[in-house]
Every structure is written in structure tokens, then in C-alpha cells.
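Here is a protein chain to explore together. Take a moment to turn the structure around before reading on, and keep the sequence at hand.

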Amino acid sequence: MILSAIMMQTPGNIFFRIPDFFILIRPNTPVMTKKVLALFGSNLIGGNTDKLLTQAINGVEDAGCTVERINVAHVNAGPCNQTYSCMVEPTCAIEDGMKDAYRKLRQADGIIIATPVMTYGVPGALKSFMDRCQPFYMAKYYRKQPFITPEHVKIRRTLFICIGGMKDPDIFTGPILTTKAFCAIVDAKYADELLQNDMDTILNVDKKPELLAEAYEKGKALGERIVKMRDGE
Ligand SMILES: Cc1cc2nc3c(=O)[nH]c(=O)nc-3n(C[C@H](O)[C@H](O)[C@H](O)COP(=O)(O)O)c2cc1C
């Protein structure tokens with residue numbers, strides 16, 4: 001990205017005008033700190049996954065972090081087209097909404113993934129989003145030039161929230177395996193989970209305030225750890 005002009009300078013702070021937004025650079029301070037990226041895997045705004053994610057986000061914010069939420073089904077992005085250009089290039093050859101998502105994924109101190117189970121896996125849009133993170137895979141495992149610094153890796157953690165309609169406890173096997181692979185690829189350790197099956201019986205998560213409270217507490221714990229790690233730097 002090309003910086004077009006320096007707009008303002010104050011002691012210790014420099015504002016740059018760049019094409020679509022302003023950015024504040026404070027010497028020796030990361031551009032974005034204590035930031036959690038929340039990936040919403042459902043397509044149903046106001047549904048049960050949404051309610052649990054909202055609680056987790058409240059917890060993260062109460063701990064002192066900021067949260068950016070991506071409704072993955074609404075990202076303007078297609079599937080990986082397997083040209084393998086990311087073996088040599090640090091980003092994806094496809095020009096779409098993933099460019100913005102890559103930047104947010106790189107900057108995040110923590111990630112929350114909240115999703116329903118669909119066909120014993122994660123919904124297609126979320127799976128596609130994860131597949132499109134192959135540039136992280138190639139950078140880390142193939143070129144051995146990971147995007148995430150070792151110091152940042154120590155901070156980055158993922159909280160996984162997953163619900164399914166059936167009573168079968170195996171419904172989480174596929175989503176957990178996929179999510180753990182994704183966490184390894186983007187270097188944000190799979191650290192905590194909140195799983196609830198039998199949603200076809202429960203129907204509305206409002207009937208389980210203890211589950212909503214648990215989502216809040218897990219979000220808060222994720223946020224508190226980030227604050228502790230960042231402030232201890
Ligand atoms: C297309 C589709 C596939 C689903 N597949 C499964 C499944 O394999 N196992 C399961 O337990 N629930 C399955 N479900 C049920 C959802 O996981 C469940 O209803 C969940 O509570 C939906 O969360 P939401 O209210 O956030 O949309 C499926 C739902 C849909 C729409």
C-alpha cells in the first residue's frame with residue numbers, strides 16, 4: 001500500500017493519509033493492540049450462534065479489548081481456486097474481500113469462531129474462508145517465513161463456539177478438526193471451546209442462561225489474557 005501524504009505530526013504520533021482510511025503510527029507500538037477478531041460462521045443474524053457470540057464479544061470488550069466482527073457469509077469472497085500462487089507470493093492471487101480479512105487475521109491478538117454445525121462440519125462459507133487462508137499455510141510451513149512473529153504467536157489464542165441440533169456428541173468432531181487445523185495455520189492456538197449439542201430440543205439459547213453466561217466468561221478470559229500479555233510487554 002502506498003502512503004500518499006503525511007497529514008499531521010504531533011510529538012510521538014504521525015498520521016498518514018492512505019487511500020481508504022487514516023492510520024496512527026506511534027513509534028515502538030504495534031498499530032493495533034488488544035484486538036480480537038470474531039468470525040461469525042452462521043448465516044442467521046439473531047440466531048443462537050449470534051446470541052452466544054454476542055455474549056463472548058461483550059466479555060472480551062469488558063476485559064478491555066476491542067472486537068472486530070466478520071460475518072463470514074457476507075464476505076465478498078469465493079473459494080480457493082488452487083493456482084498455488086501463494087507458494088511464492090505472500091498473498092492470494094484472487095482480488096476479493098479476503099484481502100481485508102487477511103490483514104485483520106494478521107493483526108488480531110485473539111480470534112473467536114462461532115458457528116453452527118452443518119452436515120457434521122462447519123458451514124460452507126466458513127470452510128471456504130478457512131481454505132482461503134492457504135497464504136498463511138504456505139508462508140509458515142512451505143517458505144518458512146510466517147506472517148506472525150514468535151512474540152505475537154505467544155499472545156494469539158482462539159475461542160471456538162459451536163452448536164448443533166442433534167444429540168449425537170460426534171457432531172463436533174469435524175468442526176473441531178477443521179478449526180484446529182485453521183488455528184495452526186493462522187498461528188492462533190486453539191485454546192478454549194464452548195460446545196452445545198441438542199439445539200433441536202433446546203431451540204432457543206435464551207432458555208439456557210448458564211450457557212450465555214459461559215460464553216461471556218470465556219470471552220472475558222480471552223480478553224483478560226490478551227490485556228495481561230500486552231501490558232506485560
Ligand atoms: C444446512 C444445515 C445443516 C445442519 N447440519 C447439522 C448436523 O449435521 N448436525 C447437527 O447437529 N445439526 C445440524 N444442523 C442444525 C444446526 O446446527 C442447529 O440448528 C443450530 O442450532 C443452528 O444455529 P443458529 O440458530 O445459529 O442458526 C444443520 C442446520 C442446517 C441449516
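## A tour of the chain

In helix 4 (residues 134-142), the buried residues include P135, F136, M138 and A139. Why do they sit on the same side of helix 4? They cover an arc of only 165° around the axis, so they are on the same side of helix 4. A general rule helps here: an α-helix has 3.6 residues a turn, so residues three or four places apart point the same way. Among the elements that cover the buried residues of helix 4 are helix 2 (98-107) and helix 6 (173-185). Just after helix 4, K144 takes a positive phi of about 55°.

Now step back to the whole chain. Please keep in mind that this is a predicted model. The chain has 8 helices and 8 strands. Of its 233 residues, 34% count as buried. Among contacts between residues at least 6 apart in sequence, 75% join residues at least 24 apart.

### A covered strand

Strand 6 (residues 110-116) is a good place to look next. How many of the 7 residues of strand 6 are buried? The count is 7 of 7, so strand 6 is mostly covered, where buried means that 20 or more other C-beta atoms lie within 10 Å. G110, I112, A114 and P116 point one way from the strand, while I111, I113 and T115 point the other way.

Strand 6 also has partners, listed here with one bridge pair for each.

| Partner of strand 6 | Direction | Bridges | One bridge pair |
|---|---|---|---|
| Strand 4 (residues 35-40) | parallel | 5 bridges | F40 and A114 |
| Strand 7 (residues 157-163) | parallel | 7 bridges | I111 and T158 |

### The nonpolar core

The largest nonpolar core has 53 residues. Those with the most contacts inside this core are V36, A38, L52, L53, A56, I112 and I161. Let us follow one of them, L52. Not counting residues up to four places away in sequence, L52 touches A114, I161, I163, L194, V205, L212 and A215.

Another residue to find is F129, which lies in helix 3 (residues 124-131). Is F129 buried or exposed? F129 is buried, because 25 other C-beta atoms lie within 10 Å. Leaving aside neighbours within four places in sequence, F129 is in contact with V72, V75 and A77. F129 and A73 are 56 residues apart in sequence, yet 8.9 Å apart in space, C-alpha to C-alpha.

### Around the ligand

What surrounds the ligand? The shell holds 17 residues, and G47, T49, G164, G165 and M199 come nearest. Helix 1 (residues 48-62) gives the largest share of the shell, 3 residues. By type, the shell divides into 9 nonpolar, 7 polar and 1 charged.

### Two loop residues

Finally, look at two residues that are not glycines but have a positive phi. K34 has a phi of about 50° and is found in the loop between strand 3 (21-25) and strand 4. L203 has a phi of about 65° and lies in the loop between helix 7 (199-202) and helix 8 (209-231). Which of these counts as buried, and which as exposed? K34 counts as buried because it has 20 C-beta neighbours inside 10 Å, whereas L203 counts as exposed because it has 11.

Note on methods. Residues numbered from 1 in each chain as written. Predicted model: local features only at pLDDT ≥ 70, side-chain atom pairs only at ≥ 80, totals over all residues. Near = placed C-beta within 6 Å. Helix = DSSP H or I, 4+ residues; strand = E, 2+ residues; numbered from the N terminus. Nonpolar A, V, L, I, M, F, W, Y, C, P; charged D, E, K, R; others polar. Core = buried A, V, L, I, M, F, W, Y, C linked by C-beta atoms within 7 Å. Buried ≥ 20, exposed ≤ 12 C-beta atoms within 10 Å, placed from the backbone. Contact = placed C-beta atoms within 7 Å. Arc of directions from axis to C-beta. Pairing = 2+ DSSP bridges.
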